[in-house]
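Student: Please take a close look at the nonpolar core of this model. I would like one connected account.

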Amino acid sequence: MKKIEAIIKPFKLDEVREALSDIGFSGLTVTEVKGFGRQKGHSELYRGMEYVMDFLPKLKVEVVVVEAMLEITVEAIIKAASTGKIGDGKIFISNVEQVIRIRTGETNESAI
């Protein structure tokens with residue numbers, strides 16, 4: 001099993017959620033995060049003063065998939081989250097050793 005963590009622009013969440021739903025996902029986890037990469041932040045005007053915002057608001061979308069679904073899931077996220085501009089985000093993929101559903105005690109693939 002693999003865990004996919006996608007850092008995306010906040011306004012792309014609905015498109016990513018729909019894309020994942022279309023390929024069979026019934027759940028995901030979303031966390032509000034802040035960060036920066038090549039964008040290096042931006043400046044904003046507030047009450048006549050200019051403020052440099054070092055960290056930009058992003059969302060982290062997390063899903064756990066069986067290996068057979070990895071490629072199609074990553075492709076769906078890329079297609080839905082891409083604007084073609086700097087700051088579209090990143091996808092991180094890591095191994096998951098075990099999954100346990102708390103309510104039923106089911107493990108691994110049956111718990112996803």
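Tutor: What follows covers the core, then one core residue, then two residues elsewhere in the chain. This is a predicted model, in which local features need pLDDT of at least 70, side-chain atom pairs count only at pLDDT 80 or more, and totals for chains, interfaces and linings use all residues. Residues are numbered from 1 along each chain as its sequence is written, and side-chain values use heavy atoms, with hydrogens and water left out.

A nonpolar core is a set of buried Ala, Val, Leu, Ile, Met, Phe, Trp, Tyr and Cys residues joined through side-chain atoms within 4.5 Å. Buried means under 20% relative accessible area, exposed over 50%, and partly exposed in between (1.4 Å probe, protein chains only). The largest such core has 17 residues, and those with the most contacts inside it are Ile-4, Ile-8, Val-16, Leu-20, Val-63, Val-65 and Ile-77. At least two core residues come from each of β1 (2-8), α1 (13-22), β5 (56-65) and α2 (67-81). Helices (H or I, at least four residues) and strands (E, at least two) are DSSP runs, numbered from the N terminus. The largest share, six residues, is supplied by α2. In soluble globular proteins, nonpolar side chains tend to be buried together.

Leaving aside neighbours within four places in sequence, Val-65 is in contact (heavy atoms within 4.5 Å) with Met-1, Lys-2, Ile-4, Phe-25, Leu-70, Thr-73 and Ile-112.

Lys-9 sits in the loop between β1 and α1 and is buried, with a relative accessible area of 13%. Not counting residues up to four places away in sequence, Lys-9 touches Lys-58, Thr-83, Lys-85, Ile-86, Gly-87 and Asp-88.

Asn-108, in the segment after β6 (90-95), is partly exposed at 29%.
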